[in-house]
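Reader: I'd like a close look at one part of this model, with enough of the rest to place it. Could you take me through the opening helix?

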Amino acid sequence: MKKTKHIRIKESKADRFFMGAVYVFLALVLIAVLYPLIYIVSASFSSASAVTSGRVWLFPVEPTLLGYSTVFKNPQILQGFSNSLFYTVVGTIISVSITIMLAYPLSRKSFYGRKLIMILLVFTMIFDGGLIPLYLVVKNLNLIDTIWALLLPSALAVFQVIIARTFFQSTIPDELVEASEMDGCSDIGFIFKVVLPLAKPIIAVLVLMYAVMKWNMYFDALIYLKSEELFPLQIILRSILILNTDPSANVEDILKMQGLKELMKYSLIVISSLPVLVLYPFVQKHFVKGMLIGSVKG
């Protein structure tokens, strides 16, 4: 067999200069994105005095686990962490289920009224009723100060519905639906046996989007919840790092408290980011594919 020769196109000086500039720019962007993350991790393992005095630059200074031990000794933080985990898991399951149940029928041309429903959905993206009407609706449904106040009002995102609908249009042709009907497969059976196995990429996208949104939920909890045992982690962090100040303490105690708060702040940022960082590698395989297919206009 003849070996194929690879023809290399000689680059001009202008091309090499342009590619060099691109690499330099990308390196600067990488440093700008990566350095804050490294600094937060290093500060979380440094001493309180090193953090408050600004001696932490790249690596931990006077390494210690005081911040993490203080965090895990606080029962409020553990309670908030478990609450956020519950809201994230249960809320993501509810949101993904509702999104798929709405997006799949809208992707089928045989579904009567799908254009009108899409118009109404997009209308809600442009025009919002506002905070007060939403609060009154939640209040009249007796959801105030309950776990459902964080699960139901934000259960559906129109943008995710549009992405999932486009994915189903591009991936599941009408011929496949007709073939299943000829084989006697019901609509529910077709969804569980055909649609969901083929929809793993878009399900991964939806899971990651909704999980990040639920985990970082702060404003809804601030409005709807009153009981401390229902507070998510973000509200607990606010109460500890911002509101928990003793005005009767002396200057030395206040400085120590401020240093410990700074140390706890970085430790809590690392801890609160771990669930999303752990989740991403499991869905990364399907995430890019689902986003590319789902984002194509259908």
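Author: Here is helix 1, followed by the chain around it. First, a caution: this is a predicted model, where local features need pLDDT of at least 70 and side-chain atom pairs count only at pLDDT 80 or more, while totals for chains, interfaces and linings use all residues. Residues are numbered from 1 along each chain as its sequence is written, and side-chain values use heavy atoms, with hydrogens and water left out.

Helix 1 covers residues 13-44, helices being DSSP runs of H or I with at least four residues, numbered from the N terminus. Its 32 residues reach 46 Å from first C-alpha to last, close to the 46 Å expected at 1.5 Å a residue (that is, 1.5 Å times one less than the number of residues). Still, helix 1 bends by about 25 degrees at L34, with a proline, P36, following within four residues; the bend is the angle between axes fitted to the seven residues ending there and the seven starting there. As for burial (under 20% relative accessible area, 1.4 Å probe, protein chains only), helix 1 has I40, S42, A43 and S44.

Zooming out, the chain comes to 14 helices and zero strands, and 34% of its 298 residues count as buried. Its pLDDT (the predictor's confidence in each residue, from 0 to 100) averages 80, and 84% of residues score at least 70. Confidence is highest in helix 7 (residues 148-151), at 90, and lowest in helix 14 (residues 251-295), at a mean of 67. Over residues 244-252, pLDDT stays under 50. Where pLDDT is low, don't read the predicted coordinates in detail.

Notes. Helix = DSSP H or I, 4+ residues; strand = E, 2+ residues; numbered from the N terminus. Contact = heavy atoms within 4.5 Å. Buried < 20%, exposed > 50% of the residue type's maximum accessible area, 1.4 Å probe, protein only.
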